[in-house]
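Subject: Handing over the structure

Hi,

Here is the structure I promised to pass on to you. Have a look at it first, and then read on for my notes.

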Amino acid sequence: MVTSCTSSPAAEPRDRPGKEDDRTSTKPTPPPTPVKLSISPGNKAVDVPPGDPITVAAVGGKLTRVVLTNEAGEQVKGQLSPDATTWQVAEPLGYDKTYTAKATGEGTDGKPASLTSTFTTVQPRLRADLSMNPLDGQKVGVGQPLAFYFDVDITDKAAAQRAIQITSTPAVEGAFYWFSDSEVHWRPKQYWPAGTKISIKASIYGKNFGEGVFGNDDRVAGVTVGDAVVAVADGGTHQMIVKVNGKVARTIPIAMGKPGHETPFGTYVVMSEHTDYTMDSGTYGVPADSPLGYRTHVDVASRMSNSGIFYHSAPWSVGDQGHRNVSHGCINMSTENAAWMQSISNKGDVVVVQHSGGPRLESWDGLGDWQIPWPEWTKGGHR
C-alpha cells in the first residue's frame, strides 16, 4: 500500500498582534504559520511503482532542502518548483529498490521542520517491452496508423493508453483500438493531413499494467506525414486512379485477382516497399511447389497486407492490364508504373480496392484499420 506521511512542528505561543489602524489597512496581515511537510509515498510504503510521481510538498511555508538517496547512498535527481513548495523526482527509480527521502522546510513563522520517508519499489512479475510502427524519423502516408506491440498481455489497458501520449501539429481527433491483449493501434478519425508532425511518447517505464506486469523501457518517435497519396483500384474498369494531394496524378492500367483468387476489397495501407523482390506463395501458406503455388522475382513490390496482397511490377501481364483480372490476388501493373508509384509514395499511403469480386478485407490483415467504422473504433476493440 502506498501512503503519504506528514509532519508539522508544534505551534508555540505568539504575542497577540496589536489592533490594526483602520485608516492605513483594510486587510489584516495573515498570522505566521508553521510549515506542514508531506512526502508521497509515505514512510514504510512498499510495492511502489517506480513510474509513479515521488513528491515532497510544503504547506504554510517552503522547502529548504530535499534529498532522495538510493540503497548505496547515491542522490537521486529532483526538481524544486520555483516557489519552493513542491519537489519531484527527475530521473527513473529502479525496480525492487529501497529509497529514503529527507525533507526540511521553514514556515512563515520562521521555524524549521523536517520529515523522512523510506519506501521500497515493486518487484514486477513480468516486465513489458514495447515495439512501435512507425519508428523515429520516418515519413509516412496519410493512412498510417500508429501501432504498438507489447511482448506480454496487458490487463489494465487504460493504464497502457495513459502511458502512450500522442500529439500532432495540426491537432487531430483520434482514439486507441485493441486488436488483442498485446496489440493496440491509434489512428485519427480521418486521414492525417499532409505535412502533419506527429510526436509519440510511450512513457511505460515503471507503470503498472495489472497482474504484476510493469512497463520496461520508454519509447519515443517523431514522425512526419508526407503528401496525401490515395489510389483507387477498380476491378471493373481495370484501372487505378492515383491522386496526390487531391489531384489526379496518373491513371494506371492494372490486373487484379482472377476468378478463385479475387482481391479482397476495402481500404489498404501500404506496409512496406521493396525492390528486387521475390513473390512467394509460401508466405501466406501455399507451398511454392504446389499446383497453386509460385515463387516469382519482381523488380518493384509494395506490401498491402499480411496475407500476401501487393501492388507490384508484372511485365508478364501487361497485355491483360487494363482489360482483365489475371493475378493470384495482387495488383499487377507495368514495371514503369510500379516504379513511379514507389517514387511518389511512402509506407502508410492508401490503396482502396473496389469492384474486385473478392471478400471484404479483414481489419486485422496488415494495417486494415480503416475497415473499422469510427463509431466502432471508439469502443476500443478487444477488452
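Which residues does Ala202 touch, not counting residues up to four places away in sequence? Before I get to that, please keep in mind that this is a predicted model.

**Ala202 and its strand**

The residues that Ala202 touches are Leu130, Met132, Ala163, Ile164, Asp218 and Arg219, with residues up to four places away in sequence left out. Ala202 sits in strand β17, and with a relative accessible area of 0% it is buried. Val220 comes 18 residues away from Ala202 along the chain, yet the C-alpha atoms of the two are separated by 6.0 Å.

Strand β17 covers residues 197-202 and has two unlike faces: Ile198, Ile200 and Ala202 make up the covered one, while Lys197, Ser199 and Lys201 make up the uncovered one. The strand has paired neighbours that you can pick out in the model. With β14 (residues 164-169), β17 pairs in the antiparallel sense over six bridges, and here Thr167 has Ser199 as its bridge partner. With β19 (residues 219-225), β17 also pairs in the antiparallel sense, over six bridges. In that pairing, Ala202 has Arg219 in β19 as its bridge partner, and Arg219 is also one of the residues that Ala202 touches.

**The nonpolar cores**

As general background, nonpolar side chains tend to be buried together in soluble globular proteins. In this model, the largest nonpolar core has 32 residues, and the members that touch the most others are Phe148, Phe150, Ile154 and Phe209. If you select Ile154 and leave aside its neighbours within four places in sequence, you will find it in contact with Ala128, Ala160, Trp178, Asp181, Phe209 and Val213. Another core lies apart from this one; it has 22 residues, including Tyr268, Val270, Ile309 and Tyr311.

**A four-stranded sheet**

Tyr311, just named in the core of 22 residues, also leads us to a sheet, since Tyr311 in β26 stands opposite Ser302. Strand β25 (residues 295-303) and β26 run antiparallel and are joined by three bridges. Both belong to an open sheet of four strands, in the order β24-β25-β26-β27, and the pairing is mixed. At the edges stand β24 (272-280) and β27; each has a single partner strand, so one side of each is left without a neighbour in the sheet. From one strand to the next, the twist averages 35°.

**Ser317, in a loop**

Between β26 (310-313) and β27 (331-333) there is a loop, and Ser317 is found in it. Is Ser317 buried or exposed? Its relative accessible area is 1%, and because buried means under 20%, Ser317 counts as buried. Its side chain makes polar contacts with two side chains you may like to display: that of Gln321, at 3.0 Å, and that of Asn332, also at 3.0 Å. Leaving aside neighbours within four places in sequence, Ser317 is in contact with Val326 and Asn332.

**Salt bridges**

How many salt bridges are there? The count comes to three, and here they are in turn.

- Asp181 and Lys157 form a salt bridge in which the closest N and O atoms are 2.8 Å apart. This pair links distant parts of the chain, 24 residues apart: Asp181 is in the loop between β15 (174-178) and β16 (183-188), and Lys157 is in helix α1 (residues 157-163). Asp181 is partly exposed, at a relative accessible area of 25%, whereas Lys157 counts as buried at 6%. Asp181 has come up before, as one of the contacts of Ile154.
- Arg250 and Glu336 meet through their side chains in a salt bridge of 3.0 Å, N to O. Here too the pair links distant parts of the chain, with Arg250 in strand β22 (residues 247-253) and Glu336 in helix α2 (residues 335-344), 86 residues apart. Arg250 is partly exposed, with a relative accessible area of 23%, and Glu336 is partly exposed as well, with 48%.
- Arg324 and Asp320 also meet through their side chains in a salt bridge, at 2.8 Å, N to O. Arg324 is partly exposed, its relative accessible area being 42%.

Enjoy exploring the model!

Best wishes

Key: Residues numbered from 1 in each chain as written. Predicted model: local features only at pLDDT ≥ 70, side-chain atom pairs only at ≥ 80, totals over all residues. Heavy atoms only, no water. Salt bridge = Lys/Arg side-chain N within 4 Å of Asp/Glu carboxyl O. Buried < 20%, exposed > 50% of the residue type's maximum accessible area, 1.4 Å probe, protein only. Core = buried A, V, L, I, M, F, W, Y, C linked by side-chain atoms within 4.5 Å. Contact = heavy atoms within 4.5 Å. Polar contact = N/O pair within 3.5 Å; in protein donor to acceptor, adjacent residues only side chain to side chain. Pairing = 2+ DSSP bridges. Axes fitted to C-alpha atoms, helices over the stretch in contact; angles between N-to-C directions.
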